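Trainee: Could we go through this structure together? I would like to learn where the labels come from.

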Amino acid sequence: MATDLKPTVSPAQSLDLLDIRLGRVLNAEPAPGTPKPAYRLTVDFGKYGTRVSVGRFTGHTPEELIGVQVLGVLNFEPRPVGDSVSEVLILGVQLPGAPSGDATPLVPLHAAKLGSKVF
């Protein structure tokens with residue numbers, strides 16, 4: 001069921017506050033201790049370093065995710081997820097036909113420089 005759109009905001013109130021950057025998945029493995037199946041992703045953000053993300057991208061195999069460029073929010077506080085700490089939020093959308101919360105990552109059409117800022 002579709003939800004209503006949220007109120008209109010200015011870029012300064014929203015997108016400008018987020019540090020969304022391009023990274024590449026180096027490793028993907030099942031995340032231990034999560035309430036629902038999830039992967040622990042190790043993602044390289046170039047000069048911004050390597051970070052860990054725990055996300056529900058399990059509609060893909062780990063092999064499908066490794067090497068893929070993804071978009072991540074670098075300036076959210078780290079949070080515990082299962083037995084891991086998720087340091088970055090990898091952006092995704094609902095995986096069609098999958099249970100609620102299962103996602104496929106947002107990816108660029110062309111490879112770009114790691115660490116590039118989304119604008």
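Mentor: Gladly! Keep in mind that this is a predicted model. Let's begin with the largest pocket, which has a volume of about 390 Å³.

Trainee: Which residues lie nearest the centre of the largest pocket?

Mentor: Val 54, Gly 55, Arg 56, Arg 79 and Leu 89 do, out of 23 lining residues. The elements giving two or more residues to this lining are β3 (50-55), β5 (79-81), β7 (89-90) and β8 (92-94).

Trainee: How many of the lining residues are nonpolar, polar and charged?

Mentor: The lining divides into 11 nonpolar, seven polar and five charged residues. Gly counts as polar here and Arg as charged.

Trainee: Now the burial label. Why is Thr 42 called buried?

Mentor: Set the value against the cut-off: buried means under 20% relative accessible area. Thr 42 has 17%, so Thr 42 is buried. This residue lies in strand β2. Leaving aside neighbours within four places in sequence, Thr 42 is in contact with Arg 24, Val 25, Leu 26, Asn 27, Thr 50 and Arg 51.

Trainee: What makes a group of residues a nonpolar core?

Mentor: The members must be buried residues of listed nonpolar types, joined through side-chain atoms within 4.5 Å. The largest nonpolar core here has 13 residues, and Val 25, Leu 41, Val 43, Phe 45, Phe 57, Leu 65 and Ile 90 touch the most other members. β1 (20-30) and β2 (39-44) each supply at least two residues of this core, with the largest share, three residues, coming from β2. In soluble globular proteins, nonpolar side chains tend to be buried together.

Trainee: Which residues is Leu 65 in contact with, beyond its neighbours within four places in sequence?

Mentor: They are Val 25, Ala 28, Tyr 39, Leu 41, Phe 57, His 60 and Pro 105.

Trainee: How do you know that β4 and β7 pair?

Mentor: Pairing needs at least two bridges. Strand β4 (residues 69-73) and β7 have two bridges, in the antiparallel sense, so the definition is met. Val 73 stands opposite Leu 89 in β7.

Trainee: And what about β2 and β3?

Mentor: They pair over six bridges, again antiparallel, and Arg 40 has Val 54 in β3 as its bridge partner. These two strands form a hairpin with five residues between them, and Gly 46 in the turn has a positive phi of about 65°.

Trainee: Why are β3 and β7 called edge strands?

Mentor: Five strands form an open sheet in the order β3-β2-β1-β4-β7, with antiparallel pairing. β3 and β7 each pair on one side only, and that makes them the edge strands.

Terms used:
Residues are numbered from 1 along each chain as its sequence is written. This is a predicted model: local features need pLDDT of at least 70, side-chain atom pairs count only at pLDDT 80 or more; totals for chains, interfaces and linings use all residues. Side-chain values use heavy atoms; hydrogens and water are left out. On a 1 Å grid over the protein atoms alone, a cavity is a set of points where a 1.4 Å probe fits but cannot get out, and a pocket is an open set with protein on both sides within 12 Å along at least five of seven lines; lining residues have an atom within 4 Å of a point. Grid points are joined across faces, edges and corners, and a volume is the space filled by probe spheres set on the points. Helices (H or I, at least four residues) and strands (E, at least two) are DSSP runs, numbered from the N terminus. Buried means under 20% relative accessible area, exposed over 50%, partly exposed in between (1.4 Å probe, protein chains only). Contact means heavy atoms within 4.5 Å.
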